Structures are given as structure tokens and as C-alpha cells.
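Me: Give me a close look at one part: the nonpolar core. Start with the overall fold, then work from the core outward to whatever sits around it.

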Amino acid sequence: MDLVSKITLVAAVVMLGYNLYQLMTSYEAACEKVREFKQLAKESESDESAVRRSNLILTGGLSCVFVALVFLSDLAYWVVACVVLKMVWTMVLSHIEIKRIFNSDEVNKDFFRWSKLDSAANALTGLAVAIVVIS
């Protein structure tokens, strides 16, 4: 196994673990995190556009790095394409979530379910990439 594949394996396991943590977060805990986040944004005088921009840089950057690792691990192009689509979907949901956070103090229950589904799909993506890299 070459170095890039090993780094990809570590990234996939981290992605799996983080998204499993997200799956275990309760609705009440998510609402509390939103309130804390809004308070911190207010204290630091960050407006919605600044938060959206930094969110795009963070999620976009991490997604691009993960996709690049998957690509450089010589996985099949269809696997890379599936990972790209999954990361784009996650970025879109993340953007929508930031907009919703600034409009309300609570997380919409339907959107919370969508975010749980996205976390499950991300965990499965991380698991699948890890399995493919190992084999």
C-alpha cells in the first residue's frame, strides 16, 4: 500500500468516525449547539455572509482534499465520481444549514432528519472508501 492510499485510509476512517458522532447527536443537543454558535457569531461580530464564506472554505477545502486523495489512490473513476457527488451534496446541505441557523434559534426537525441522513451517507462513504482502499 503506497503513502497516498494510507493517508486516504486515515481520512476515510476520520470521516467515518466524525459522521458516526454526528449521527449520535440528539435534536436537543443540536439546538443547543445552534444557540451557542449564534452567540459566538454575535460576540465575534460575524455576519451570515462571513460565516457562509468560512463554511464554504472549510467544507469545500476538506471535500476537495478527500476527493483528491480518493483520485490519487487510483480508485475507479466511478468511485471518484460518487465521492464527488456525495461531497457536493454535503456542501449544499451545509450551506442551507447556515442559512437556517441565522433565521431561527432551533433546527427544523425535517432538516435535522436530512442532516442525519447525510451523516449516515457520509459514514457509509468513508467506510466504503476505507474498504476499497484496503482491498
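Reply: Start with one term. Two residues are in contact when heavy atoms lie within 4.5 Å. Among contacts in this protein between residues at least 6 apart in sequence, 84% join residues at least 24 apart. Keep in mind that this is a predicted model.

The overall fold comes first. The protein has five helices and zero strands. Read along the sequence, the pattern is α-α-α-α-α. The C-alpha trace spans about 45 × 25 × 20 Å along its principal axes. Of the 135 residues, 34% count as buried.

Now the core. The largest nonpolar core holds 14 residues. Phe 66, Val 70, Val 83, Met 87 and Val 129 have the most contacts inside it. Which elements give two or more residues to this core? They are helix H1 (3-24), helix H3 (48-72), helix H4 (77-103) and helix H5 (109-134). H4 gives the most, with four residues.

Take Val 129 as a way in. Leaving out residues up to four places away in sequence, Val 129 touches Thr 8, Ala 12, Phe 66, Val 70 and Val 83. Among these partners, Phe 66, Val 70 and Val 83 also belong to the group with the most contacts inside the core. Apart from this core lies another, of seven residues. Its members include Tyr 27, Ala 30, Val 34 and Val 107.

Thr 8 leads on to the loop between H3 and H4. Ser 73 lies in that loop. Is Ser 73 buried or exposed? Ser 73 counts as buried because its relative accessibility is 11%, and the cut-off for buried is under 20%. Neighbours within four places aside, Ser 73 is in contact with Val 4, Ser 5 and Thr 8. Thr 8 is also touched by Val 129. Ser 73 and Val 133 sit 60 residues apart in sequence. Their C-alpha atoms are 7.4 Å apart in space.

Asp 74 is in the loop between H3 and H4 too. Its phi is positive, about 60°, although Asp 74 is not a glycine. At 70% relative accessibility, Asp 74 counts as exposed, whereas Ser 73 counts as buried. Glu 45 also has a positive phi, about 55°, and is not a glycine. Glu 45 is found in the loop between H2 and H3. At 74% relative accessibility, Glu 45 counts as exposed.

Next, the aromatic rings. There are four aromatic pairs in total. One of them joins Phe 37 and Phe 102 edge-to-face. Their ring centres are 6.4 Å apart, with 80° between the planes. Phe 37 lies in helix H2 and Phe 102 in helix H4, so the pair ties together parts 65 residues apart in sequence. Phe 37 counts as partly exposed, at 31% relative accessibility. Phe 102 counts as partly exposed as well, at 22%. Phe 71 and Tyr 77 form a stacked pair. Here the centres are 6.3 Å apart and the planes make an angle of 25°. Phe 71 is partly exposed, with a relative accessible area of 42%. Tyr 77 counts as exposed, at 66%.

Last, the empty space. The largest pocket holds about 1200 Å³. How many residues line this pocket? The lining has 34 residues. Nearest the pocket centre lie Tyr 18, Asn 19, Gln 22, Thr 59 and Ser 94. Which helices supply at least two lining residues each? H1, H2 (27-43), H3, H4 and H5 do. H2 is not among the elements listed for the largest core, yet it is listed for the pocket lining. By class, the lining has 19 nonpolar, eleven polar and four charged residues.

Ser 94 deserves a closer look. Ser 94 lies in helix H4. Ser 94 counts as buried because its relative accessibility is 12%. Neighbours within four places aside, Ser 94 is in contact with Asn 55 and Thr 59. Thr 59 and Ser 94 are thus joined by contact, and they are among the residues nearest the pocket centre. H4, then, gives the most residues to the largest core and carries Ser 94.

Definitions and conventions: Residues are numbered from 1 along each chain as its sequence is written. This is a predicted model: local features need pLDDT of at least 70, side-chain atom pairs count only at pLDDT 80 or more; totals for chains, interfaces and linings use all residues. Side-chain values use heavy atoms; hydrogens and water are left out. A nonpolar core is a set of buried Ala, Val, Leu, Ile, Met, Phe, Trp, Tyr and Cys residues joined through side-chain atoms within 4.5 Å. Buried means under 20% relative accessible area, exposed over 50%, partly exposed in between (1.4 Å probe, protein chains only). On a 1 Å grid over the protein atoms alone, a cavity is a set of points where a 1.4 Å probe fits but cannot get out, and a pocket is an open set with protein on both sides within 12 Å along at least five of seven lines; lining residues have an atom within 4 Å of a point. Grid points are joined across faces, edges and corners, and a volume is the space filled by probe spheres set on the points. Ala, Val, Leu, Ile, Met, Phe, Trp, Tyr, Cys and Pro count as nonpolar, Asp, Glu, Lys and Arg as charged, and the others, Gly among them, as polar. Rings of Phe, Tyr and Trp (its six-membered ring) pair if their centres lie within 6.5 Å; planes under 30 degrees apart count as stacked, over 60 as edge-to-face and the rest as tilted.
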